[in-house]
Amino acid sequence: MSRSAEEPAYLARPRRRDAQRNRERFIAAAQAAFAANGVDASLEQIARDVGLAIGTLYRHFPTRIDLLLAVFEPKVQKFVETAEHALAMDDAWEGFCVFLEALFGMQAGDRGFNDLVSMRFPASERTEAMHDRLYHLLEKILHRAQEHGVVRPDITVADIITLVWANGRIIEATSHTAPQAWRRHLHLMIDAFRAENRHDLPEPPLTGGQLYAAMVHLSGE
């Protein structure tokens with residue numbers, strides 16, 4: 001085998017380091033782009049921001065979903081840890097509120113994260129598994145608060161997700177003029193979730209199928 005067919009290890013190692021450095025640069029640029037513009041941010045612009053060709057980006061991340069997961073999996077994991085902490089709190093109501101504050105706080109600071117938790121991407125097993133994990137954590141926290149009698153029993157996970165959608169528009173409208181306005185709306189809704197003094201609601205909650213279809217619709221798939 002010729003020297004050109006098999007490079008010495010001391011020549012190959014710097015190339016691997018360069019590839020890792022390029023991958024990290026793509027992730028950093030994508031974090032900024034997705035936070036500002038959502039999950040549909042231009043991949044071509046991300047490549048230009050890094051100063052590399054779009055083909056190089058695709059060699060590292062063959063699909064948009066691959067890049068989204070590289071950007072957001074660490075943030076999702078941090079959120080999962082917060083959710084598990086909320087679930088372990090002695091006070092079920094406090095745990096419920098801590099969870100919602102964490103969810104909406106992350107949503108407020110990152111349009112891409114907002115899109116990711118608001119949508120479903122059925123073609124991706126990894127994003128489906130991520131959503132299922134978050135859904136089950138939310139379900140546990142909600143049911144625990146209901147079993148303790150502090151959250152009204154007719155609230156469902158779908159009601160929380162529709163609040164995420166509504167909050168996304170509030171954040172979009174107020175981010176430049178009143179960036180903390182979402183917290184007022186969130187706490188108005190938290191009060192509405194309290195079990196005491198509740199009134200019957202005029203419409204039933206979305207079914208699981210309706211919720212899933214709505215989230216897929218938002219993703220455009």
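Read along the sequence, this chain follows the pattern α-α-α-α-α-α-α-α-α-α. That makes 10 helices and zero strands. I should state at once that the model before you is a predicted one, and that every value I quote is computed from it.

Let me begin with the chain as a whole. Its C-alpha trace spans about 80 × 35 × 30 Å along the principal axes. The chain has 221 residues, and 40% of them count as buried. Consider next the contacts between residues at least 6 apart in sequence: 71% of these join residues at least 24 apart.

I turn to the interior. In soluble globular proteins, nonpolar side chains tend to be buried together. Here the largest nonpolar core holds 62 residues. Which of its members touch the most other members? They are Phe34, Ile46, Phe96, Phe99 and Leu100. Helix α4, which covers residues 64-88, gives this core its largest share, with 12 residues.

Phe34 is a good residue on which to pause. Setting aside residues up to four places away in sequence, Phe34 touches Val39, Ala41, Leu43 and Ile46. Its contacts also include Arg64, Leu67, Leu68, Val71 and Phe72. Further along the chain, Phe34 touches Asp110, Arg111 and Gly112.

One of those partners, Asp110, deserves a closer look. Asp110 sits in the loop between α5 and α6. Is Asp110 buried or exposed? Its relative accessibility is 8%, and buried means under 20%, so Asp110 counts as buried. Beyond its neighbours within four places in sequence, Asp110 is in contact with Phe34, Ala35, Phe72 and Lys75.

Let me move on to the pockets. The largest pocket has a volume of about 440 Å³. Its lining is made up of 19 residues, and those nearest its centre are Arg111, Asn114, Asp115, Gly168 and Glu172. Arg111 is therefore a name we meet twice, as a contact of Phe34 and as a residue of this lining.

Where does the lining come from? Four helices each supply at least two residues, namely α1 (9-37), α5 (92-108), α6 (111-118) and α8 (157-174). The largest share, six residues, belongs to α8. By residue type, this lining divides into eight nonpolar, six polar and five charged.

The second largest pocket holds about 250 Å³ of space. It is lined by 17 residues, with His131, Leu134, Tyr135, Ile161 and Met215 closest to its centre. Helices α5, α7 (125-147), α8 and α10 (208-219) each supply at least two residues of this lining. Here the largest share, again six residues, comes from α7. The lining of this second pocket divides into 12 nonpolar, three polar and two charged residues.

My last topic is the salt bridges. The structure holds nine of them, and I shall describe three.

In one, the side chains of Arg126 and Glu73 meet at 3.1 Å, N to O. Arg126 lies in helix α7 and Glu73 in helix α4, so this pair ties together parts that are 53 residues apart in sequence. Both partners are partly exposed: Arg126 has a relative accessible area of 45%, and Glu73 stands at 35%.

In another, Asp132 pairs with Arg120, and the closest N and O atoms are 3.0 Å apart. Asp132 is in helix α7, whereas Arg120 is in the loop between α6 and α7, 12 residues apart. How buried or exposed are these two partners? Asp132 counts as partly exposed at 35% relative accessibility, while Arg120 is buried, with a relative accessible area of 6%.

In the third, the side chains of Asp191 and Arg194 form a salt bridge of 3.0 Å, N to O. Asp191, at 45% relative accessibility, counts as partly exposed. Arg194 counts as partly exposed as well, at 29%. There is also a network to note: salt bridges with shared partners join Arg120, Glu128 and Asp132.

To close, I return to the main points. We have a predicted model of a chain with 10 helices and zero strands. Its largest nonpolar core has 62 residues, its largest pocket is lined by 19 residues, and nine salt bridges are found in the structure. Thank you for your attention.

Notes
Residues numbered from 1 in each chain as written. Predicted model: local features only at pLDDT ≥ 70, side-chain atom pairs only at ≥ 80, totals over all residues. Heavy atoms only, no water. Core = buried A, V, L, I, M, F, W, Y, C linked by side-chain atoms within 4.5 Å. Buried < 20%, exposed > 50% of the residue type's maximum accessible area, 1.4 Å probe, protein only. Contact = heavy atoms within 4.5 Å. 1 Å grid on protein atoms, 1.4 Å probe; cavity = no way out; pocket = protein on both sides within 12 Å on 5 of 7 lines; lining within 4 Å. Points joined across faces, edges and corners; volume = space filled by probe spheres on them. Nonpolar A, V, L, I, M, F, W, Y, C, P; charged D, E, K, R; others polar. Salt bridge = Lys/Arg side-chain N within 4 Å of Asp/Glu carboxyl O.
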